[in-house]
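Thanks for making time, everyone. You asked for a quick tour of one model, so let's put it on the screen.

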Amino acid sequence: MGNHSEKILELADIIKNSDNIVFFGGAGVSTESGIPDFRSADGVFNTTAGRKFSPEELVSRPCFDRYPEELFSFYREKLIYPNAKPNYAHKFLARLEKEGKLKSVVTQNIDGLHQSAGSKEVRELHGSVLRNNCVKCHKSFDLDYILKSESTVPKCDNCGGTVKPDVVLYGEPLNEFTISQAVSDISNADTLIIGGTSLVVYPAAGFISYFRGKNLVLINKSKTSYDRDANLCINGAIGEVFKEVAEVLGWE
Ligand code: NAD
């Protein structure tokens, strides 16, 4: 079992004593799967300097309406990772749900990796690259259709309309039903584990203020403005942290 730090033992203890955990996460949950986040030193925001548009402008609704070529070339290059596999963080959370300890994962990610790890209750605040719909006739398409489309801007094979990923662009509202599920889960949780998110993207980050439970845990590589509000704050890579916790819990 090895020597584990006080914080790892504390997190294992919290998990043992909780049965209504909610996990709230972001891009940092998928960096160990090889998908860059937006704000780390090697994240997407830091590797696109010199472009005509900032990433935030590129993945915005005005850009989709006016410069779809620009949006889709950025999207294809930086936001779609068809070969990425779930990492230990995704698997750990799926197992927590299976054990009846975790109510849901509320995620800002759009990569679908929680579901491929086996999680069932996933509130995708910003949608998913796996779902795509024609803006005109609403026909649905999978990711493969986008990847294989000949033109940069994917066109519907039924009506010729633009096929839009079911991803919330900057300037677009979040899905009301997903918000209400996320807020209800967080409001009723006994433990909220926040991980791999800079907590600067709103309204998503604001949902954690609905938490009224006992244990607020934060696991992130870099500091966030919520570190002081947490009962337990662990600076580290989330997959590695969960691996150690799993060892303490006796999971193989
Ligand atoms: P962010 O890029 O703003 O912040 C990521 C945070 O995770 C950083 O604070 C970083 O220090 C931390 N981090 C990175 N790797 C980590 C690890 N292995 N363990 C622990 N912490 C780690 O991400 P955000 O807060 O989610 O906001 C970015 C927005 O971009 C979201 O709205 C999301 O939709 C989108 N996005 C999604 C993906 C994805 O789906 N995988 C990838 C990039 C961006």
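I'll start with the whole chain and then go through some single residues.

First, a caution. What you see is a predicted model.

Now the overall fold. The protein has nine helices and nine strands. Its radius of gyration is 19 Å, and the globule rule gives 18 Å for 252 residues, so the protein is as compact as a globular protein of that length. Along the principal axes, the C-alpha atoms fill a box of roughly 55 × 35 × 35 Å.

How much of the chain is buried? Of the 252 residues, 52% count as buried. The accessible surface comes to about 12300 Å². Carbon and sulfur atoms hold 48% of that surface.

On contacts, take those with a sequence separation of 6 or more. Residues 24 or more positions apart account for 63% of them.

Then charge. There are 29 positive and 33 negative side chains. The centres of the two sets lie 2 Å apart.

On to single residues. Start with arginine 123. Arginine 123 sits in strand E3, residues 122-124. Is arginine 123 buried or exposed? Arginine 123 has a relative accessible area of 6%, under the 20% cut-off, so it is buried.

Which side chains make polar contacts with arginine 123? One is glutamate 121, at 2.9 Å. Another is aspartate 185, at 2.8 Å. Leave out residues up to four places away in sequence, and arginine 123 touches Lys103, Ser104, Val105, Val106 and Thr107, along with Thr178, Gln181, Ala182 and Asp185. Note that Asp185 turns up both in that contact list and as a polar partner.

Next, asparagine 132. Asparagine 132 is in strand E4, which spans 127-134. Its relative accessibility is 0%, so asparagine 132 counts as buried. A polar atom of the asparagine 132 side chain lies 3.3 Å from the backbone oxygen of valine 129. Setting aside neighbours within four places, the contacts of asparagine 132 include Tyr75, Leu143 and Ile146. Lys139, Ser140, Phe141 and Asp142 are also among them. So are Val163, Lys164, Pro165 and Asp166.

Keep Tyr75, Leu143 and Ile146 in mind, and go to isoleucine 80. Isoleucine 80 lies in the loop between helix H4, 68-78, and helix H5, 88-98. At 6% relative accessibility, isoleucine 80 counts as buried. Outside four places in sequence, isoleucine 80 is in contact with Tyr75, Leu143, Ile146 and Leu147. So Tyr75, Leu143 and Ile146 appear in the contacts of asparagine 132 and in those of isoleucine 80. Isoleucine 80 and isoleucine 35 are 45 residues apart in sequence, and their C-alpha atoms are 8.7 Å apart.

Now backbone geometry. As background, most residues other than glycine have a negative phi, and most peptide bonds are trans. Here are some exceptions.

Histidine 138 has a positive phi of about 65°. Histidine 138 is in the loop between strand E4 and strand E5, 140-141. With a relative accessible area of 57%, histidine 138 is exposed.

Leucine 199 has a positive phi too, about 60°. Leucine 199 is in the loop between E7 and E8. Is leucine 199 buried or exposed? Leucine 199 is buried, with a relative accessible area of 2%.

That loop, between strand E7 at 191-195 and strand E8 at 215-220, also holds proline 203. A cis peptide bond joins tyrosine 202 and proline 203, with omega about 5°.

Two last stops. Phenylalanine 45 lies in the loop between strand E1, 21-25, and helix H2, 55-58. Phenylalanine 45 is partly exposed, at 22% relative accessible area. Phenylalanine 45 touches Phe38, Arg39, Pro55 and Glu56, again not counting residues up to four places away. Take Pro55: the C-alpha atoms of phenylalanine 45 and proline 55 are separated by 6.4 Å, with their positions 10 residues apart along the chain.

And aspartate 144, in helix H7, residues 143-148. Aspartate 144 is partly exposed, with a relative accessible area of 36%. How far apart in space are aspartate 144 and alanine 205, C-alpha to C-alpha? The distance is 31 Å, for a sequence separation of 61 residues.

That's the tour. Over to you.

Note on methods: Residues are numbered from 1 along each chain as its sequence is written. This is a predicted model: local features need pLDDT of at least 70, side-chain atom pairs count only at pLDDT 80 or more; totals for chains, interfaces and linings use all residues. Side-chain values use heavy atoms; hydrogens and water are left out. Helices (H or I, at least four residues) and strands (E, at least two) are DSSP runs, numbered from the N terminus. The radius of gyration is taken over C-alpha atoms; the globule rule is 2.2 Å times the number of residues to the power 0.38. Buried means under 20% relative accessible area, exposed over 50%, partly exposed in between (1.4 Å probe, protein chains only). Contact means heavy atoms within 4.5 Å. Accessible areas come from the Shrake-Rupley method with a 1.4 Å probe; for residues, only the protein chains shown count as cover. Lys and Arg count as positive and Asp and Glu as negative; His and the chain ends are not counted. The place of a charge is taken as NZ of Lys, CZ of Arg, CG of Asp or CD of Glu. A polar contact is a pair of N or O atoms within 3.5 Å; within protein, one must be able to donate a hydrogen and the other to accept it, and residues adjacent in sequence count only if both atoms are side-chain atoms.
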